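Trainee: Can we go through this one together before I set anything up? I would like to start with the sheet and then move on to the helices.

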Amino acid sequence: MNISRLLKLKAASEAQRILEDIAGVTTVVIATPDGFEVASASLRNVDPSRIAAMASSISAMGAVVSQEARLGRCKCTTVATDDGFALFSPVRNGETELVVNVIAGANAVLAQVMYRTAACVKLLEAHQSEEAQQAS
């Protein structure tokens, strides 16, 4: 999958900003839908490529459930655990598709993570390719 340098830089910046903006967030991985890491930021020693690979499958399951239940487009899938949660949000723009994965501890506020992740998705969806920017 070809992802522009500008989109990778924007993804890296957003991953770091989510990590800094929301208390309790421990890891942010932005990946392709087929499970390859594009950008990541973490406060823990985790393997972002493993998270990217698993998040791809979880995000796909959320999309299928939404479709089967006729609930419209899946905007996020959440996995709750004893020690926190993981949130997976798909990104679709004209250039490519991505998945934003946010992992947070039990002290994080789910609504804050959802709100900030939605802002990240909106920014990445509004991204235009370098070719489109040069043409305009």
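Mentor: What follows goes through the sheet, the helices and a few single residues of this predicted model.

Trainee: Sheet, then. How many strands are there, and in what order?

Mentor: Five strands form an open sheet, in the order E2-E1-E5-E4-E3. The pairing is antiparallel.

Trainee: Which strands stand at the edges?

Mentor: Strand E2 (37–42) and E3 do. Each has a single partner strand, so one side of each is left without a neighbour in the sheet.

Trainee: And how much are neighbouring strands turned against each other?

Mentor: By 10° on average, with direction ignored.

Trainee: What holds strands together in general?

Mentor: Strands of a sheet pair through backbone hydrogen bonds, either parallel or antiparallel.

Trainee: Back to this one. How many bridges join E3 to E4?

Mentor: Five bridges join strand E3 (residues 77–81) to strand E4 (residues 84–92), and the two run antiparallel. They form a hairpin with two residues between them. As for single pairs, Thr81 has Gly84 of E4 as its bridge partner, and Thr78 has Leu87 of E4.

Trainee: What about the other side of E4? How many bridges does E4 have with E5?

Mentor: Nine bridges, with E4 and strand E5 (residues 97–105) paired in the antiparallel sense. This is also a hairpin, with four residues joining E4 to E5. Among the pairs, Phe85 is bridged to Ala104 in E5, and Phe88 is bridged to Asn101 in E5.

Trainee: Is E4 largely enclosed or open, and why?

Mentor: Eight of the nine residues of E4 are buried, so E4 is largely enclosed by the rest of the structure.

Trainee: Let me pick a residue at the E3 end. Where does Thr81 lie, and how exposed is it?

Mentor: Thr81 lies in strand E3. Its relative accessibility is 48%, so it counts as partly exposed; exposed would need over 50%.

Trainee: And how far is Thr81 from Phe36?

Mentor: They are 24 Å apart in space, C-alpha to C-alpha, and 45 residues apart in sequence.

Trainee: Now the helices. What does H2 touch in the sheet? 

Mentor: I will get to H2 after the pair H1 and H3. Helix H1 (residues 5–21) packs with helix H3 (residues 110–126) at an angle of about 170°, and their axes are 11 Å apart. That angle makes H1 roughly antiparallel to H3, since the cut-off for that label is over 145 degrees.

Trainee: Left-handed or right-handed crossing?

Mentor: The crossing of H1 and H3 is right-handed.

Trainee: Which residues meet there?

Mentor: From H1, Leu7, Lys10, Ala11, Glu14, Arg17, Ile18 and Asp21. From H3, Arg116, Cys120, Leu123 and Leu124. The residues of this contact divide into six nonpolar, no polar and five charged.

Trainee: Leu7 is in that list. Is Leu7 buried or exposed?

Mentor: Leu7, found in helix H1, has a relative accessibility of 0%, so it counts as buried. Leaving out residues up to four places away in sequence, Leu7 touches Asn93, Glu95, Thr96, Leu98, Leu124 and His127.

Trainee: How far apart are Leu7 and Leu124?

Mentor: Their C-alpha atoms are separated by 7.5 Å, while the two residues are 117 apart along the chain.

Trainee: Then H2. Which residue should we look at there?

Mentor: Take Ser59, which is found in helix H2 (residues 48–68). Ser59 has a relative accessible area of 9%, so it is buried; the limit for that is under 20%. Apart from its neighbours within four places in sequence, Ser59 is in contact with Pro90 and Val99.

Trainee: One last thing, the backbone. What is phi of Arg70?

Mentor: Near 55°, a positive value in a residue other than glycine. For background, most residues other than glycine have a negative phi.

Trainee: Where does Arg70 lie, and is it buried or exposed?

Mentor: Arg70 lies in the loop between H2 and E3. At 77% relative accessibility, it counts as exposed.

Methods
Residues numbered from 1 in each chain as written. Predicted model: local features only at pLDDT ≥ 70, side-chain atom pairs only at ≥ 80, totals over all residues. Heavy atoms only, no water. Buried < 20%, exposed > 50% of the residue type's maximum accessible area, 1.4 Å probe, protein only. Contact = heavy atoms within 4.5 Å. Axes fitted to C-alpha atoms, helices over the stretch in contact; angles between N-to-C directions. Parallel < 35°, antiparallel > 145°, perpendicular 65-115°, else oblique. Left-handed = near helix turned anticlockwise from the far one by under 90°. Nonpolar A, V, L, I, M, F, W, Y, C, P; charged D, E, K, R; others polar. Pairing = 2+ DSSP bridges.
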